[in-house]
Amino acid sequence: MKSDEIDHGKRRLLTATATALGGVGAVSVAVPFVASMQPSARAQAAGAPIEIDISALRPGELVVHKWRGKPVWVLHRTEEMLASLKTAEEGLTDPQSAGSEQPDYALNRQRSLKPEYLVLVGVCTHLGCSPKFRPEPGDEEIGADWAGGFLCPCHGGRYDLAGRVFKGTPPPKNMAVPPYMYLSDSRLVIGLEEGEV
Ligand code: FES
């Protein structure tokens with residue numbers, strides 16, 4: 001199983017039938033590998049931090065890594081994606097993420113340290129499936145008012161592009177933001193925070 005995959009939203013239609021692999025359920029295309037310096041599989045399973053190079057991650061792309069046995073997404077959001085976070089808020093269960101899991105530094109509308117990069121544990125807060133990346137506004141299958149986000153294939157949970165759940169769908173809270181920090185503009189670490197290194 002690949003532990004690192006890039007998701008190109010524009011190519012979603014080509015891969016919409018992709019099957020979730022081992023809980024890493026984001027629709028994905030095996031295209032240029034985003035280099036990452038990761039500890040051994042055994043160290044990762046034990047919860048070691050993972051270092052990720054995001055220099056090749058283009059706007060609109062999502063890459064999947066694995067940390068503590070769970071998929072962790074890094075999404076490079078476009079300006080349009082960031083704008084959608086504001087317009088989506090009316091329909092959200094918990095727009096301020098008050099009842100959700102995230103570090104204090106991600107307690108903002110974007111739920112991130114840097115607005116353009118979302119780092120999220122890609123696990124649905126309903127029963128643990130991994131939602132699909134569905135970035136196209138007005139997605140025919142989802143609805144004309146869809147501004148882009150994540151759709152859970154199990155029971156229809158819907159999240160915006162910050163992992164915040166929409167009202168009227170089963171998940172009780174927003175997806176979790178893991179602890180993370182930047183080593184530089186192009187490198188980040190999942191599982192470590194400023195002051196811990
Ligand atoms: S597991 Fe995602 S909606 Fe039920």
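Here are four short exercises with worked solutions on a predicted model.

**Exercise 1. Lay out the fold**

Task: Work out how many helices and strands the protein has, and in which order they run.

Solution:
- Start with the count. The protein has three helices and ten strands.
- Then walk from the N terminus. The order is β-α-α-β-β-β-α-β-β-β-β-β-β.
- Check the contacts. Of those between residues at least 6 apart in sequence, 56% join residues at least 24 apart.
- Finish with the surface. Of the 197 residues, 52% count as buried. The accessible surface comes to about 9,300 Å². Carbon and sulfur atoms account for 54% of that area.

**Exercise 2. Strand 5 and its partner**

Task: Decide whether the residues of strand 5 are buried or exposed, and which way they point.

Solution:
- Find the strand. Strand 5 covers residues 117–121.
- Recall the rule. In a regular strand, side chains alternate between the two faces of the sheet.
- Apply the rule here. Y117, V119 and V121 point one way, while L118 and L120 point the other way.
- Test for cover. The cut-off for buried is under 20% relative accessible area. Five of the five residues of strand 5 are buried, so both sets of side chains belong to buried residues.
- Add the neighbour. Strand 4, residues 70–76, pairs with strand 5 in the antiparallel sense over five bridges. Within this pair, H76 stands opposite Y117.

**Exercise 3. The second largest pocket**

Task: Describe the volume and the lining of the second largest pocket.

Solution:
- Take the volume. The pocket holds about 220 Å³ of space.
- Count the lining. It is made of 15 residues.
- Look to the centre. K70, E101, V121, V123 and A176 lie nearest to it.
- Link back to Exercise 2. V121 belongs to the residues of strand 5, and K70 falls at the start of strand 4, residues 70–76.
- Sort by type. Nine lining residues are nonpolar, two are polar and four are charged.

**Exercise 4. Two unusual backbone angles**

Task: Find where S97 and R111 lie, and whether each is buried or exposed.

Solution:
- Recall the background. Most residues other than glycine have a negative phi.
- Read S97. Its phi is positive, about 60°, although S97 is not a glycine.
- Read R111. Its phi is also positive, near 55°.
- Place them. S97 lies in the loop between helix 3 (79–88) and strand 5. R111 lies in the loop between helix 3 and strand 5 as well.
- Check the cover. S97 has 1% relative accessibility, so it counts as buried. R111 has 0%, so R111 counts as buried too.

Conventions:
Residues numbered from 1 in each chain as written. Predicted model: local features only at pLDDT ≥ 70, side-chain atom pairs only at ≥ 80, totals over all residues. Heavy atoms only, no water. Buried < 20%, exposed > 50% of the residue type's maximum accessible area, 1.4 Å probe, protein only. Helix = DSSP H or I, 4+ residues; strand = E, 2+ residues; numbered from the N terminus. Pairing = 2+ DSSP bridges. Contact = heavy atoms within 4.5 Å. Areas by Shrake-Rupley, 256 points an atom, 1.4 Å probe, with all protein chains shown as cover. 1 Å grid on protein atoms, 1.4 Å probe; cavity = no way out; pocket = protein on both sides within 12 Å on 5 of 7 lines; lining within 4 Å. Points joined across faces, edges and corners; volume = space filled by probe spheres on them. Nonpolar A, V, L, I, M, F, W, Y, C, P; charged D, E, K, R; others polar.
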